[in-house]
Amino acid sequence: MNGTPEGPGPVPGSVRPPVTERQAVGRTAAELHDYRAAFNTARLGMAVVDREGLVVSANAALGGLLGTEPAELTRQTAARLVDLPADTRTWYAYREVLRGRRSSFRCTRRLKHADGHSLWAEVSVAPFPDSSQVLLSVADVSDRRELRARLRHLQMHDPVTRLPNRTLFFERLSAALDPAACDRPGTGRIGLCYLDLDGFKAVNDTLGHRFGDRLLGVVASRLTHCADQTGHGGGSGHLVARLGGDEFALLVEDSTGTDQLAALAASVLAALQEPFDLGGQRLSVSASIGVVERAADGTSATGLMQDADTTLYWAKADGKARWTLFDPERNAHRMTRQALSSTLRPAVDDGEFVLEYQPLVDLADGELKGVEALVRWNHPQFGRLTPNRFIGLAEEDGSIVQLGAWVLRTACRQARAWQLEHPSRPPLFVSVNIAVRQVWDSDLVADVAGILAETGLAPDLLQLELTESAVMGSAGRPLQALQDLSDMGVQIAIDDFGTGYSNLAYLSRLPVSVLKLDGSFVRGFRYDAGSHPNPADEMIVEALVQLAHRLGLTVTAECVETAGQAARLRRIGCDTGQGYLYSRAVAPAEIGALLAGAPVPHG
Ligand code: C2E
Ligand code: MG
Ligand code: MG
């Protein structure tokens with residue numbers, strides 16, 4: 001604000017017409033008397049200044065502002081009285097007005113009263129229309145300035161803790177990251193501790209908001225103390241701000257590296273560990289802190305805050321009461337999740353998914369009976385992705401409904417195509433994985449009926465794989481859907497059996513026909529140190545198979561990788577095998593080749 005000239009710019013040529021004699025004598029003595037009286041009694045400080053810049057006469061108000069008799073001001077250099085030379089631009093503008101090359105200008109200056117106190121003055125300079133003199137006016141705007149400063153302080157500070165608030169914090173952060181400020185002296189780095197009290201909500205809820213506010217106040221002063229202790233030479237420390245609720249930030253400008261931030265975060269944790277004594281109530285709290293430290297160049301305020309937020313979330317997730325340093329790799333993982341989920345929806349329409357099929361083999365005779373359809377995503381950026389990377393995301397954002405319908409249609413169409421291409425062979429059934437949300441959020445029964453009708457596939461050649469959690473979730477709609485599907489002739493399989501409830505009795509009341517034993521059972525066929533099979537694992541699986549058979553279910557074993565495993569599963573009575581021993585999931589053409597005669601390895 002200091003000394004910035006305002007008002008219109010320089011005007012070419014003279015703005016003052018020459019004084020004519022007729023004009024000068026046109027004024028009556030009475031008029032002149034009135035003007036002088038008005039000049040002297042005006043509340044606005046004024047001085048008439050000649051073209052040399054010397055005061056011709058000053059009024060009482062100006063004398064009052066400067067703490068001197070008006071007469072004392074006569075013949076003084078006007079510009080010095082109001083400190084105009086202190087700023088080159090103001091000084092230049094002022095002289096342009098004196099020379100008649102500019103019509104007027106205005107600026108704000110800090111002036112010193114003779115008694116030592118200072119005041120803010122708005123200074124304007126304007127030429128008299130018909131003379132070579134100019135009028136200098138000086139208004140005391142101290143009150144206005146102070147009011148504005150107080151308003152700004154209120155806007156920028158939090159009333160509860162008196163700390164800088166979010167607005168001021170972001171102002172300071174943006175200034176620190178401003179590329180224009182990059183060549184100023186300093187380390188060119190920035191650091192941030194982003195802090196959140198653990199369990200503050202419980203304090204507020206149980207002890208009341210007033211108590212909560214007092215706690216925040218004490219927390220704020222402990223944080224300020226930490227910042228001052230570790231700040232530059234104990235003087236002006238790092239900025240401590242309350243960003244809202246129980247969130248605080250400590251901003252370290254010109255940080256020297258992660259060590260400095262780690263030390264600050266550790267000192268904050270230690271300071272908050274001391275119990276709080278609030279009006280006789282002793283209370284302990286802890287905090288979680290996300291720490292970010294990096295070069296200011298290329299860092300944006302939003303980017304920094306986002307990373308701080310992520311890091312704080314990690315600190316909470318890792319068990320609270322700790323500080324955690326931002327880790328780009330951990331973040332990249334999160335970013336990939338985000339990148340995947342944002343590209344998921346259009347990917348179905350864009351044809352980025354493909355199905356592979358994995359043989360399901362009769363353990364007794366090694367015949368290929370069916371295939372499981374397994375979806376893959378040919379992602380334009382990340383390459384071929386396995387379902388574990390995206391099925392969960394698709395369930396979260398609901399796109400599984402659309403993706404699942406595509407899988408179902410494609411698999412049924414493929415199974416029907418194989419059937420038509422190899423009419424002399426018994427047809428293969430196709431087993432399709434169904435996500436929980438498909439059972440709930442779509443009209444699965446209608447979808448399946450429509451797809452079977454459209455592709456011409458017989459219902460008993462379609463098997464749907466659901467996990468235990470999908471069928472056991474509730475006794476309502478999903479069960480009715482299962483019953484309807486089963487009534488239609490579709491086979492229902494329980495996928496990954498053994499990882500969930502494993503409640504066989506319950507399963508007996510459901511229209512389920514196949515149990516797919518989770519891979520962990522087969523992998524459990526371990527050999528002891530002496531190379532003897534562990535009989536305990538085998539007994540469990542054997543009991544399971546017998547029970548399933550008694551309930552009328554057939555059993556498929558997943559993850560069969562060795563001939564030894566296949567032999568034992570066969571002995572136990574398992575019906576079907578699936579696993580790398582027979583084949584990995586392959587493209588449809590390879591299944592076609594198997595159907596055309598290539599033998600399936602028989603364990
Ligand atoms: P799942 O239904 O249990 O499928 C079997 C998984 O085990 C497949 O992994 C398969 O490649 C793998 N596998 C097969 N044989 C072996 C073996 O001998 N050893 C080992 N270690 N693994 C074997 P994939 O293809 O990565 O699928 C993972 C899961 O993704 C599936 O588990 C299924 O739950 C889900 N999924 C796959 N496709 C779909 C789909 O179209 N819709 C839905 N909702 N889920 C699907
Ligand atoms: Mg499956
Ligand atoms: Mg499975």
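Hi everyone. Before we look at the binding site, one term: a polar contact here is a pair of N or O atoms within 3.5 Å. Keep that in mind as we go, and remember too that this is a predicted model.

Let's start with ligand 1. A nitrogen atom of this ligand lies 3.2 Å from a backbone N or O atom of Val375, so the pair falls within the 3.5 Å cut-off. Two further contacts involve oxygen on the ligand side. At Tyr580, a polar backbone atom is 2.8 Å from an oxygen atom of ligand 1. At Asp496, it is an N or O atom of the side chain that comes in, 3.0 Å from an oxygen atom of the ligand. How much of ligand 1 does the protein bury? Taken alone, the ligand exposes 800 Å², and 83% of that is buried by the protein.

Where does ligand 1 sit? You'll find the ligand in the largest pocket. Three elements each give two or more residues to the shell around it: β14 (368-379), α14 (387-397) and β18 (491-497). Strand β14 provides the largest share, with 4 residues. There are 20 residues around ligand 1 altogether, and those that come nearest are Gln358, Glu372, Asp495, Glu561 and Tyr580. Sorted by class, the shell holds 9 nonpolar, 4 polar and 7 charged residues.

Now to the metals, where some of those names come back. The magnesium ion (ligand 2) is coordinated by Glu372 (OE), Asn433 (OD1), Glu465 (OE) and Asp495 (OD), at 2.0 to 2.3 Å. Along the chain, the donors of ligand 2 have the spacing E-x60-N-x31-E-x29-D. This links distant parts of the chain: Glu372 is in strand β14 and Asn433 is in strand β16 (residues 429-433), 61 residues apart.

Which residue bridges the magnesium ion (ligand 2) and the magnesium ion (ligand 3)? That is Asp495, and the two ions lie 3.9 Å apart.

The magnesium ion (ligand 3) is coordinated at 2.0 to 2.8 Å by Asp495 (OD), Asp496 (OD) and Glu558, with Glu558 (OE) listed twice. The donors of this ion follow the spacing D-D-x61-E. Again distant parts of the chain are linked: Asp496 belongs to strand β18, while Glu558 is in the loop between β20 (554-557) and α23 (563-572), 62 residues away.

One residue to take home is Asp496: its side chain contacts ligand 1, and it also coordinates the magnesium ion (ligand 3). Thanks for listening!

Definitions and conventions: Residues are numbered from 1 along each chain as its sequence is written. Chains are lettered from A and ligands numbered from 1 in the order in which they are written. This is a predicted model: local features need pLDDT of at least 70, side-chain atom pairs count only at pLDDT 80 or more; totals for chains, interfaces and linings use all residues. Side-chain values use heavy atoms; hydrogens and water are left out. A residue is near a molecule or strand if one of its heavy atoms lies within 4 Å of it. A polar contact is a pair of N or O atoms within 3.5 Å; within protein, one must be able to donate a hydrogen and the other to accept it, and residues adjacent in sequence count only if both atoms are side-chain atoms. Accessible areas come from the Shrake-Rupley method with a 1.4 Å probe; for residues, only the protein chains shown count as cover. On a 1 Å grid over the protein atoms alone, a cavity is a set of points where a 1.4 Å probe fits but cannot get out, and a pocket is an open set with protein on both sides within 12 Å along at least five of seven lines; lining residues have an atom within 4 Å of a point. A molecule sits in a cavity or pocket if more than half of its atoms lie within 2 Å of its grid points. Ala, Val, Leu, Ile, Met, Phe, Trp, Tyr, Cys and Pro count as nonpolar, Asp, Glu, Lys and Arg as charged, and the others, Gly among them, as polar. Donors are N, O and S atoms within 2.8 Å of the metal (3.2 Å for Na, K and Ca); water is not among the atoms, so sites may look incomplete.
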